[in-house]
Amino acid sequence: MTSQLDDLRTGLNRGFTYGLFGDPDPFMTHVRDLGGRFVRLNLFWSQLEPAPGDFDWKAADAFFDQLQEGDEAWVTVCSSSTWATRRPTRFLPSSPAADPGRYRAFVGALVRRAAGRVRFWQCEVEPCVPMLWAGSAGDYVSHLRAFHDAVKQADPDALVGLGAAVPGAMIADGRQGDGPWADYVDRILRDGRDHFDVFDIHPYGDPYRIPELIDACRRQMARHGYGRPIVASEYNGPMPTGFPANFAALRDVLAGHRRQFLGEVPVPEGGPGAAPDDPAVVALYERAAELPETLRMFLTGCPPELVARRQRLAGRDIVARTLLLLSAGVRRTACFQIAPEGPHANPRTVRGLMFDTFALMDGDFRRHPTADVFALMSRRLATATEVRRVATPPGRYVFDVRRERGAPILVAWQDGDDHDHDHERGTGSCATGGGAEPFVWPWPAGLSAEAVDAFGAAVPFELADGVLRLPLSSDPVFVTPKEFS
């Protein structure tokens with residue numbers, strides 16, 4: 001199975017809905033412009049078969065018709081329905097089909113409609129999260145079996161993705177009470193082993209725990225006597241919860257967030273655009289001037305200098321998270337999300353606070369700085385065949401990117417510098433911030449190089465006698481053989 005993902009692709013996630021709360025838009029041109037070679041979106045049973053036997057393929061066709069040779073597509077199918085599922089709803093949570101035969105017929109019709117243009121089909125988003133799936137682990141395994149059979153009958157070459165695991169389900173943190181999530185996923189992995197081809201994760205949270213997360217996923221499958229390729233179809237950062245200084249102010253917000261995750265608070269039927277103000281989030285806006293800058297920068301309308309700081313941190317995060325995933329053996333990544341979708345979402349909600357800043361482009365597909373970071377990174381990884389992490393002292397991250405042809409590319413940074421301004425690298429020397437020693441690496445004799453950081457700024461370095469000496473900061477640096485450019 002691993003050989004089926006022998007190439008390496010970085011890509012983008014369209015968002016949580018596509019055409020469910022507004023007209024489906026053309027967006028694949030922007031994915032390609034940013035260097036994305038892999039794309040994921042979600043489709044809902046409610047939008048594709050709004051009444052028994054009454055199919056509406058508008059959203060599905062709008063996506064399928066945009067796909068070109070070289071694009072690789074992943075579609076997550078959510079069994080939300082007002083008439084066909086155990087828990088009627090247009091949006092969330094999904095739930096088991098009242099008639100599994102009708103569900104298999106729907107999935108088969110959708111896969112045949114794609115006519116082989118979609119390689120990956122996923123059964124639900126994150127079934128361990130009650131907000132997204134209303135059913136037991138046993139319910140999900142039965143649901144997955146029906147999904148797998150329908151996909152394979154309609155397109156034997158397609159790959160089936162297991163509903164994604166979140167970090168708390170694989171490296172459970174007892175303080176957050178995530179143990180039940182781990183048990184839930186373990187039962188799915190035990191009983192659903194014959195009904196999926198790839199294991200999906202959504203590695204939000206601390207990016208530096210990604211290697212631990214990947215190891216946990218592999219160990220848990222191995223416990224049940226098998227292995228599957230691991231992909232990451234959704235990720236980004238940072239979130240407000242990534243800064244310890246924010247926790248005191250976020251206490252009420254996170255309490256409400258957890259109630260919704262556990263299914264105790266219903267998701268608005270009209271989606272993000274219909275979500276009412278969350279009182280705990282409104283309270284943050286009302287006392288914005290008192291908040292730590294690391295929280296204030298996530299609020300809509302914060303000062304431009306805080307927007308710039310957040311975008312710089314986010315740019316660093318995209319590169320770090322992607323390189324850590326690829327070096328752990330993940331062969332497909334999809335950064336969340338390319339742009340906002342549908343009606344404008346309410347920023348004064350928990351979802352708005354946590355996720356709205358992830359968009360790489362605005363609603364008119366104008367680039368934010370993070371889009372340029374993603375494009376620079378994807379271009380340099382386009383011909384990569386393998387990413388190896390180099391052993392370094394703590395806090396230093398160096399990656400050796402092997403390519404189809406030519407010398408490897410290096411990507412490196414030094415963790416711990418969170419200033420919102422350009423890091424001082426010195427002039428005419430290789431001095432690094434904080435007195436750190438420059439990174440030293442053997443370089444092929446006679447081959448010149450260029451170094452730019454993730455934001456496109458040139459980085460000074462020394463290259464002499466087959467040795468590269470490079471200053472490092474928290475801004476990831478790409479060192480490429482000169483012929484690459």
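The following legends describe close-up views of a predicted model.

**View 1. Surroundings of H202 in the loop between β6 and α8.**
H202 belongs to the loop that connects β6 (198-201) with α8 (210-223). Its relative accessible area is 0%, so H202 is buried. Leaving aside residues up to four places away in sequence, H202 touches R40, V125, E126, A164, A165, V166, P167, S233 and E234. Two polar contacts of its side chain can be located in this view. One, of 3.3 Å, links the side chain of H202 to that of R40; another, of 3.1 Å, links the side chain of H202 to that of D200. A334 lies 132 residues from H202 along the chain, and the C-alpha atoms of these two residues are separated by 9.6 Å.

**View 2. The loop residue A84.**
A84 is found in the loop between β3 and α4. This residue is buried, because its relative accessible area of 5% is under the limit of 20%. Apart from residues up to four places away in sequence, A84 touches W45, A97, A98 and D99. G36 offers a contrast between sequence and space: A84 and G36 are 48 residues apart in sequence, and their C-alpha atoms are 35 Å apart.

**View 3. Helix α4 and the elements packed against it.**
Helix α4 comprises residues 100-114. For its 15 residues, a rise of 1.5 Å a residue gives an expected span of 21 Å, and the end C-alpha atoms are indeed 21 Å apart, so the two values agree. At the start of the helix, a side-chain oxygen of D99 comes to within 2.9 Å of the backbone nitrogen of G101. Just after the helix, A115 has a positive phi of about 55 degrees. The buried residues of α4 are Y103, F106, V107, G108, A109, L110, V111 and A114. In an α-helix, residues three or four places apart point the same way, because there are 3.6 residues a turn. The buried residues of α4 pack against the strands β2 (39-44), β3 (73-78) and β4 (120-123), and against the helices α2 (45-48), α3 (58-64) and α5 (137-154).

**View 4. Strand β15 between its partners β12 and β14.**
Strand β15 covers residues 467-470, and its side chains alternate between two faces. L468 and L470 point to one face and are buried, whereas V467 and R469 point to the other and are not. Such alternation of side chains between the two faces of the sheet belongs to a regular strand. Strand β12 (residues 439-442) pairs with β15 in the antiparallel sense over four bridges. Within this pairing, V440 stands opposite R469. Strand β14 (residues 462-464) also runs antiparallel to β15, and three bridges join them. Here the bridge partner of L463 is L468. β14 and β15 form a hairpin with two residues between them, and D465 in the turn has a positive phi of about 55 degrees.

**View 5. The covered strand β13 and its partner β16.**
Strand β13 runs from residue 449 to residue 453 and is mostly covered, since four of its five residues are buried. Five bridges join β13 to strand β16 (residues 477-481), and the pairing is antiparallel. V452 has F478 of β16 as its bridge partner.

**View 6. Helix α12, R312 and the second largest pocket.**
R312 lies in helix α12 (residues 304-327). With a relative accessible area of 13%, R312 is buried. Its side chain makes a polar contact of 2.8 Å with the side chain of D475. Helix α12 also takes part in the lining of the second largest pocket, where its four residues make up the largest share. Both α12 and α13 (350-355) supply at least two residues each to this lining. The pocket has a volume of about 670 Å³. Its lining has 36 residues, and those nearest the centre are P340, H344, D356, T357 and A359.

**View 7. The largest cavity.**
Two cavities of 30 Å³ or more are present in the structure. The largest cavity holds about 50 Å³ of space. Its lining consists of R87, P93, P130, M131, G263, V265, P266 and V267.

Key: Residues numbered from 1 in each chain as written. Predicted model: local features only at pLDDT ≥ 70, side-chain atom pairs only at ≥ 80, totals over all residues. Heavy atoms only, no water. Buried < 20%, exposed > 50% of the residue type's maximum accessible area, 1.4 Å probe, protein only. Contact = heavy atoms within 4.5 Å. Polar contact = N/O pair within 3.5 Å; in protein donor to acceptor, adjacent residues only side chain to side chain. Pairing = 2+ DSSP bridges. Expected span 1.5 Å × (residues − 1). 1 Å grid on protein atoms, 1.4 Å probe; cavity = no way out; pocket = protein on both sides within 12 Å on 5 of 7 lines; lining within 4 Å. Points joined across faces, edges and corners; volume = space filled by probe spheres on them.
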